[in-house]
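Work through the three exercises below with the structure open. Each task is followed by a stepwise solution.

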Amino acid sequence: MMRRAANEIKIIGINFFIISAAFTSALIVLSGIAGELLHFYPVSFEVIFPFFATIAVGEWGKTRADNNFDIIAAQSRSLFHWVLFRYVITFGMAGLFAVFCMVFSSVFRYELPLWELVIIYCPPAFFLSSLCALFGIYYAGEHVATLACGIIWLIVLLIRSLLRISGVEYIYLFIRYADEQNPVWLWNKCIVAVAGLSLWGIIYLKCKRIDTL
């Protein structure tokens with residue numbers, strides 16, 4: 001398992017770590033100079049970092065866009081296990097950078113406890129990156145999955161006003177960014193996480209279909 005993880009990290013390449021480190025450092029510096037900027041943590045860890053994790057899955061954890069996909073699909077005992085493993089490695093490393101940023105940002109400005117920041121980050125990051133993994137298994141084009149998720153991410157930000165409709169607050173992806181004091185935010189995070197798991201059910205069925213071809 002460790003050897004396989006090391007091989008996946010080699011495939012991802014050094015560029016991921018350089019870009020992630022630069023991105024994380026920039027947010028840490030911003031946390032120190034942002035002053036009284038409102039909603040810094042929700043913007044950083046519910047909106048921006050989840051999108052970065054999605055980009056990581058789409059660009060460095062690509063599956064069908066991988067040049068060796070046909071060979072892997074033909075030789076792998078379970079395509080789903082390979083897709084899931086690559087996702088876990090990429091998403092997990094992006095998550096480590098997010099937690100690192102949370103810890104060091106708290107040195108400059110302590111607004112929320114670390115556990116709450118993790119809860120704010122994980123569900124939207126998991127849902128968006130899982131959606132990117134789903135697109136990645138359907139489309140072989142470079143950057144297609146990332147582009148599609150980027151458009152969805154932007155649309156969700158633009159339809160913030162829909163929170164005026166009763167019930168939307170339970171499914172809106174960036175509830176703490178849109179309404180920090182909304183009392184249903186924990187329920188929202190649970191629903192978003194379940195929605196992310198349902199995407200993996202679709203990925204599983206697609207991989208089983210490819211396995212039987």
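**Exercise 1.** Classify how the axes of helices H2 and H5 are oriented to each other, parallel or perpendicular.

*Solution.* The model is predicted.
1. Take H2 (residues 14-33) and H5: their axes come within 9 Å.
2. Read the crossing angle, roughly 25°.
3. Angles under 35 degrees count as roughly parallel, so H2 and H5 are roughly parallel to each other.
4. Add the hand: H2 passes H5 in a right-handed crossing.
5. Sort the contact residues by class: 12 are nonpolar, 6 polar and none charged.
6. Among the H2 residues that meet H5 are Phe16, Phe17, Leu27 and Gly32. The H5 side includes Met93, Phe97, Cys101 and Phe108.

**Exercise 2.** Do the same for H1 and H5: parallel or perpendicular?

*Solution.*
1. H1 covers residues 2-12, and its axis lies 10 Å from that of H5.
2. The packing angle is about 70°.
3. The range 65 to 115 counts as roughly perpendicular, so H1 and H5 are roughly perpendicular to each other.
4. H1 passes H5 in a right-handed crossing.
5. This contact divides into 8 nonpolar, 2 polar and 3 charged residues.
6. Arg4 and Glu8 are among the H1 residues in the contact; Arg86 is one of those from H5.

**Exercise 3.** Which helix gives the most to the largest nonpolar core?

*Solution.*
1. The core has 66 residues.
2. Phe49, Tyr121 and Phe174 have the most contacts inside it.
3. H5 (residues 79-108) gives the most, with 14 residues.
4. Now trace Phe49. Leaving aside neighbours within four places in sequence, its contacts include Ala94, Phe97, Ala98 and Cys101. Phe23, Leu27 and Tyr121 are also among them.

Methods: Residues numbered from 1 in each chain as written. Predicted model: local features only at pLDDT ≥ 70, side-chain atom pairs only at ≥ 80, totals over all residues. Heavy atoms only, no water. Core = buried A, V, L, I, M, F, W, Y, C linked by side-chain atoms within 4.5 Å. Buried < 20%, exposed > 50% of the residue type's maximum accessible area, 1.4 Å probe, protein only. Helix = DSSP H or I, 4+ residues; strand = E, 2+ residues; numbered from the N terminus. Contact = heavy atoms within 4.5 Å. Axes fitted to C-alpha atoms, helices over the stretch in contact; angles between N-to-C directions. Parallel < 35°, antiparallel > 145°, perpendicular 65-115°, else oblique. Left-handed = near helix turned anticlockwise from the far one by under 90°. Nonpolar A, V, L, I, M, F, W, Y, C, P; charged D, E, K, R; others polar.
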